[in-house]
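Reader: I have a model open and want to learn how to read it. Where do we start?

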Amino acid sequence: MTNTPTAAPVSPAGAADPSRWLRVHHPRASAAARLVCFPHAGGTANAFTALSAALPEDVELLAVQYPGRQDRRGEPCAQDLSELASGVAQALAGYDDRPLFLLGHSMGALVAFETARLLEERGTVARLFVSAARPPAQDWQEPDLSLVGDEELTAGLRRLGGIPEPLLADPEIAAEILRLLRADHRALLRHRCAPDTRVAAPVTVLLASADPKNSLEQMADWAHHTAGGHEVAALSGGHFSLLERPGESAPPLTRRIREDLARPAAAAASGAPDAEPLADLVRELMMEGLAGRTPRLSTDLTALEAAAGEVMAPEAFAYVSGTAGSGATGRANRTAFDRRQLVPRMLRGTRRTDTSVTLFGQRLPAPVLLAPLAAQQVAHPEGESATARAAAATGVPMVVSTFASRTLEEVAGAAGDHPRWFQLYLPSDRAVGESLVRRAEASGYGAIVVTVDATHLGFRPAELDSGYSPFLRGTGIANFTGDPAFRAGLPADADATQAVLRWAQISTDPTLTWEDLAWLRGLTRLPLLVKGVLHPDDARLALEHGADGVVVSTHGGRQLDGGVSSLDALPAVRAAVGPDVPVLMDSGVRTGSDVVKALALGADAVLYGRPYVYGLGLDGQRGVEHVLRCLLTDLGLALALTGCASLADVGPHLLANGDRR
């Protein structure tokens, strides 16, 4: 190991002595991105030689060389991982001309994670890849190697693989390997990380199918350590698959890097709010008009319901559009917005507006998330998958319903690394509830939104008159039929009818109390929001029992007929929880001005519901993208026209006197 020749050090202008820390095995001057690789305990920069050769010409690999080995043998080994991270971060100071991707293997994943945290203080990391590594706040259950004999330790290395047998058979080389392994292990055992420590970059977990040290369940907690979303990519082989099978490892790395490099251009083309001036959509449509072309769908977001009613199956449209009882609550939701009036301010220099908002440590491009609407396949065959792709294209996070017509894993796959939350109806079978939460964690969902206002189904004439329930026809129960805990409660030869009957028995729980929320809080470290709160005392109780935020909601007017509107309930809920607790609202939101009114009355963000499903029914993914582009453009213009440069400028002062209640 000590006699293996090392690659040439690299030294760009302005870097703080990078030649001590970084090695390039295959220089690629025209590469579009750099992949910085951190070796495992006892490893060296040479561990990544084969992977470097396997990467294409547009990705250059920089391998990290820790002190105490090979050409740095004269230096003492690091005492802790933060020392290594600090050294690498300083060495990368001159490497800001191309996007940086970090990859750490085993212990190197923790060093890469800490390095990413340091680099994000002065810039960004495009993505963090972690291989064969448990999350940083998790107990790795590693023994103290100073208490393990050489023979036992060598036998363990043979079981894991990764080191050629001739090296282990050479006494001098084997002794050097064990020296480095023990030194690095001491630093690993000293490492501590708080459970809420996050990087902004998305995280891709590389998990080998036959790794004896790590499992998919252990990898789930990586979701808690990123604000950019996380995903799991499968590799074949054992613990050192990344290094031993470079021909198999390079393609998924390259594919993900190229997708990330292409994303800014795609966002600009799709009209994401960070990429276009406020009036770009308006200008685009006007230019199309000069050529005699008009939009496929109306830009009047209040007109989409009627248009969707013309093309959707009558029973499906009744399911999506219907409200409870006489429809009084649904009408009240809209009346509350119409009753309030904005007072614009002039000459504030708002050429551009910043619509971004931070929720639970994650920066979102706009204060809008897609509300969890169930069984979207009734509107379009691709259902939630099409919605997820549209959400990712426009920068709007999606809240995925428990009662989706696609599994939460399928929706996560369609969303890629785009942020998404999971809405939970807590089943009466707690094993199924726990399984749903674990699956959401493993699939990269960033928050759990537990809905509490639908333990009993509302009286909905439109559905009842058509005798239509998508769930009883098998649409909207995919998260159950694909769940191992749910399947465990069925006979081995159960048919579709038996599955639907079991779903009907356990899918919701009318006996729920606040203590059940406390149980759910103990189940996950993901941010937890309670959806369906209208009374200020319920908002306080939600926080007392572990919620991190609340969603003021009437369920779109689909539950209690004659109830208070969400917008009218919002100010009292905000006053009850104080200024620092995230408060979202839904029900009745249709336009950008509606969003501004909700923010003025205390909301941090809104959940946007039926209009995007109407867009889905009218034109699939393109229809959802059209709706969201219109909404975001309208929101940006509404901010500009009220004289607001950012969301921080929004408050009750924007509303006409008498309309702030």
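Author: Start with a helix pair. Helix α22 (residues 536–544) and helix α23 (residues 566–577) pack with their axes 8 Å apart, at an angle of about 40 degrees. Helices here are DSSP runs of H or I with at least four residues, strands are runs of E with at least two, and both are numbered from the N terminus. This is a predicted model: local features need pLDDT of at least 70, side-chain atom pairs count only at pLDDT 80 or more, and totals for chains, interfaces and linings use all residues. Residues are numbered from 1 along each chain as its sequence is written, and side-chain values use heavy atoms, with hydrogens and water left out.

Reader: What describes two packed helices in general?

Author: The angle between their axes and the distance between the axes. Axes are lines fitted to C-alpha atoms, for helices over the stretch in contact, and angles run from 0 to 180 degrees between N-to-C directions.

Reader: Is α22 parallel, perpendicular or oblique to α23?

Author: Angles under 35 degrees count as roughly parallel, over 145 as roughly antiparallel, 65 to 115 as roughly perpendicular and the rest as oblique. So α22 is oblique to α23. Their crossing is right-handed. That word means the near helix is turned clockwise from the far one by less than a right angle; anticlockwise would be left-handed.

Reader: Which residues of α22 and α23 make the contact?

Author: Contact means heavy atoms within 4.5 Å. From α22 come P536, A539, R540 and L543; from α23 come A572, V573, A576 and V577.

Reader: Give me another pair to practise on.

Author: Take helix α14 (residues 383–394) and helix α15 (residues 408–415). They pack at an angle of about 35 degrees, with axes 8 Å apart. The crossing of α14 and α15 is right-handed. E384, S385, A388, R389 and A392 of α14 meet V411, A414 and A415 of α15.

Reader: Now sheets. How do strands pair?

Author: Through backbone hydrogen bonds, either parallel or antiparallel. The working rule is that two strands pair if DSSP finds at least two bridges between them. In this model 7 strands form an open sheet, ordered β1-β3-β2-β4-β5-β6-β7, with mixed pairing. The edge strands are β1 (22–24) and β7 (230–235), each pairing on one side only. Neighbouring strands of this sheet are turned by 25 degrees against each other on average, direction ignored.

Reader: How many bridges join β6 to β7?

Author: There are 6, and β6 (residues 203–208) runs parallel to β7. One partnership to find on screen: V205 is bridged to V232 in β7.

Reader: Where do side chains go along a strand?

Author: In a regular strand they alternate between the two faces of the sheet. Look at β12 (residues 420–424). R420, F422 and L424 point one way, while W421 and Q423 point the other way, and all are buried. Buried means under 20% relative accessible area, exposed means over 50%, and partly exposed lies in between (1.4 Å probe, protein chains only). Strand β11 (residues 398–400) runs parallel to β12, joined by 3 bridges. V400 stands opposite F422.

Reader: How many residues of helix α12 are buried?

Author: In α12 (residues 314–321), 6 of its 8 residues are buried. They are A316, F317, A318, Y319, V320 and S321. Their cover includes α11 (304–311), α17 (461–466) and α25.

Reader: Are charged side chains such as R629 and D594 buried or exposed?

Author: R629 lies in helix α25 (residues 610–641). R629 has a relative accessible area of 12%, so it is buried. The C-alpha atoms of R629 and A393 are separated by 9.9 Å, although these residues are 236 apart along the chain. D594, in helix α24, is buried because its relative accessible area is 3%. Leaving aside neighbours within four places in sequence, D594 is in contact with R334, F337, G588 and V589.

Reader: What about unusual backbone angles?

Author: Most residues other than glycine have a negative phi. S106 has a positive phi of about 55 degrees. S106 sits in the loop between β4 (100–105) and α3 (107–119). S587 has a positive phi of about 90 degrees. S587 is in the loop between β16 (583–585) and α24 (592–600). S106 is at 9% relative accessibility, so it counts as buried; S587, at 7%, is buried too.

Reader: How many disulfides are there?

Author: The count is 0. A disulfide is a pair of cysteine sulfur atoms within 2.5 Å. As for single cysteines, C37 is buried, with a relative accessible area of 0%, and C644 is buried at 1%.
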